[in-house]
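Colleague: Hey, got a minute to walk me through this one? I'm still learning how to read these pictures.
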Amino acid sequence: MNQAHQKPHAILFPYPLQGHVIPFVNLAIKLASNGFTITFINTQSVHQRISKSQPNINDVEGNDIFSGARKSGLDIRDVTIYDGFPIDFDRSLNHDTYFETIMNDFVFHVDELVGKLVVPDPSPNILVADTFFVWPSTIAKKYNLVNVSYWTEPALVLSVYYHLDLLRKNGHYDCIDKRHDIIDYIPGVKAIKRTDLSSYIQSNDTNMVENRIIHKAIFTGVKKAEFIICNTVQELESETIVALQENQPIYAIGPLFSPGFTNSSVSTSLWSESDCTDWLDTKPQGSVLYVSFGSYAHTTKENIMEIAHGLEVSEVDFIWVLRPDIVSSEEIDYLPVGYKDRIKDRGLIVPWCCQTVVISHPAVGGFLTHCGWNSILESIWCSVPFICFPLLTDQFTNRKLVVDDWKIGINLCDKGSITRDEVAENVKILMRGKAAEEMKQKIKKIRKKLEDALAINGSSQVNFTKFMDDLKSKIKNKNMLGLENLRISN
């Protein structure tokens with residue numbers, strides 16, 4: 001095929017965590033729906049867990065999670081990569097060891113795989129990699145790919161990481177005597193408290209693997225990207241996005257949901273999902289609190305015990321997603337003795353479920369959440385307000401947006417530990433108090449902004465179209481330059 005007329009072919013490379021895989025899958029579907037060829041790369045571990053959790057993925061293509069998407073006419077290829085560890089290695093329990101390898105050694109496997117992918121005709125001409133990877137600029141340059149960085153969190157978090165030098169210079173990060181006053185000097189960011197920064201930025205140990213990834217991948221690496229796309233909405237973070245655009249092309253194209261929202265032709269869950277619909281159907285509208293702390297974050301056994309007692313005392317109906325490894329992979333007995341029997345008439349505890357199905361059910365009226373960005377966007381879409389209990393990374397900054405800026409949720413606590421009384425009181429406020437109705441009205445207005453952004457002439461749709469046009473123009477220029485260099489060399 002003539003390089004100058006080759007259609008866009010993007011390699012999509014999510015970070016190997018479910019919270020990153022989901023928005024990458026949704027981006028793959030959106031790009032493929034607009035005529036792109038997609039080569040989607042999961043680690044072998046993530047791919048196997050998705051396959052095992054979905055018994056219906058059993059086709060001749062070898063547990064290909066995108067087979068359903070291809071049957072609907074989308075050109076998405078499913079590829080896996082070795083991450084340096086055996087399939088049965090516990091990546092959650094050995095978090096630091098795993099991500100140290102992802103930061104330092106994973107690039108060699110990436111280089112080998114991309115080298116094989118660019119041989120066929122038509123070969124990929126775009127690399128869309130998760131912003132948390134440290135190697136995209138190196139790989140993109142080596143294989144003449146357009147370097148697109150996909151940021152799956154809010155622009156506010158990206159801006160904080162982007163300006164680590166300012167935080168350090170002003171004594172709010174990586175200093176012996178850190179300041180604790182308000183931060184008001186980050187471009188495009190209104191005053192923000194230090195306790196609203198990412199947990200890794202708040203930490204006194206700035207040599208943690210997470211801090212080194214943030215510095216190498218985000219503070220340094222993303223600045224070499226040719227384009228940045230962000231799973232947020234222009235109207236929700238306009239000042240922050242405009243300030244970032246002064247440095248690099250960045251496009252707010254969110255929220256990126258699966259076309260059906262509650263059902264998708266592509267599986268992304270790492271756990272088998274319990275069906276809660278029959279139970280929810282028996283409950284009055286808006287009466288159920290949904291409780292989930294996401295796919296990766298951990299908390300203490302003490303916190304789980306206090307939440308359990310608080311939910312019991314609140315007398316509110318609830319669905320509680322308790323991952324088997326919520327405390328740790330080695331701790332499985334973390335509920336009060338006899339608890340499930342005591343709450344069986346008004347509480348349903350499951351190891352995992354399809355979150356979009358649950359929060360879109362009319363019976364659900366509130367969400368006790370860790371404040372993962374996917375959870376926030378999905379819950380806003382369903383007009384379900386929040387109780388916020390952030391556990392790590394961007395979740396503290398996301399809480400600021402929900403509680404302080406948009407006022408569509410309440411804060412559970414500002415300490416590392418919680419009490420059953422705090423849990424019960426906040427659950428009652430969210431589900432039954434006067435403030436609940438006010439939050440519901442506000443979240444409907446935020447939801448309307450999401451809906452408008454995704455409309456034909458909405459900001460996210462306009463930004464997405466501009467991104468595709470700019471991307472195609474960049475591909476054409478790269479191809480023409482390559483052909484010219486080839487002509488000169490001959």
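Colleague: Which residues of α17 are buried?
Modeller: Quick heads-up: this is a predicted model. In α17 the buried residues are Q395, F396, T397, N398, R399, K400, L401, V402 and V403. That makes the helix, residues 395–405, mostly covered, with 9 of its 11 residues buried.

Colleague: What do those buried residues of α17 pack against?
Modeller: Three helices and two strands, namely α7 (155–162), α9 (199–202) and α16 (373–381), plus β12 (386–388) and β13 (409–411).

Colleague: And which residue just after α17 has a positive phi?
Modeller: That's K407, with a phi of about 55 degrees.

Colleague: Okay, β12 and β13 came up. What's the strand order in their sheet?
Modeller: The order is β10-β9-β8-β11-β12-β13, so 6 strands in an open sheet with parallel pairing. β10 (347–350) and β13 sit at the edges, and each of them pairs on one side only. On average, neighbouring strands there are turned by 15 degrees against each other, ignoring direction.

Colleague: How many bridges join β8 to β11?
Modeller: There are 5, between β8 (residues 288–292) and β11 (residues 364–369), and the two strands run parallel. To find a spot to look at, try V291, which stands opposite L368 in β11.

Colleague: Switching topic: how many strands are in the sheet that has β1 in it?
Modeller: That one has 7, in the order β3-β2-β1-β4-β5-β6-β7, and it's an open sheet with parallel pairing too.

Colleague: Why do β3 and β7 each have one side without a neighbour in the sheet?
Modeller: Because β3 (76–81) and β7 (250–252) stand at the edges, each has a single partner strand. The twist from one strand to the next averages 20 degrees in this sheet.

Colleague: What does β7 do with β6, then?
Modeller: β6 (residues 227–230) pairs with β7 in the parallel sense, over 3 bridges. One residue to look for is I229, whose bridge partner in β7 is Y251.

Colleague: And which strands does α2 lie across?
Modeller: Helix α2 (residues 44–53) lies across β2 (37–43) and β3, and it runs at about 95 degrees to β2.

Colleague: Last one: are α4 and α10 roughly parallel or roughly antiparallel?
Modeller: Roughly parallel. Helices α4 (residues 95–104) and α10 (residues 209–220) pack at about 25 degrees, with axes 9 Å apart. Their crossing is left-handed.

Colleague: Which residues meet there?
Modeller: From α4 you get H95, D96, F99, E100 and M103, and they meet V209, E210, R212 and I213 of α10. By type, that contact divides into 4 nonpolar, 1 polar and 4 charged residues.

Note on methods
Residues numbered from 1 in each chain as written. Predicted model: local features only at pLDDT ≥ 70, side-chain atom pairs only at ≥ 80, totals over all residues. Heavy atoms only, no water. Pairing = 2+ DSSP bridges. Helix = DSSP H or I, 4+ residues; strand = E, 2+ residues; numbered from the N terminus. Axes fitted to C-alpha atoms, helices over the stretch in contact; angles between N-to-C directions. Contact = heavy atoms within 4.5 Å. Parallel < 35°, antiparallel > 145°, perpendicular 65-115°, else oblique. Left-handed = near helix turned anticlockwise from the far one by under 90°. Nonpolar A, V, L, I, M, F, W, Y, C, P; charged D, E, K, R; others polar. Buried < 20%, exposed > 50% of the residue type's maximum accessible area, 1.4 Å probe, protein only.
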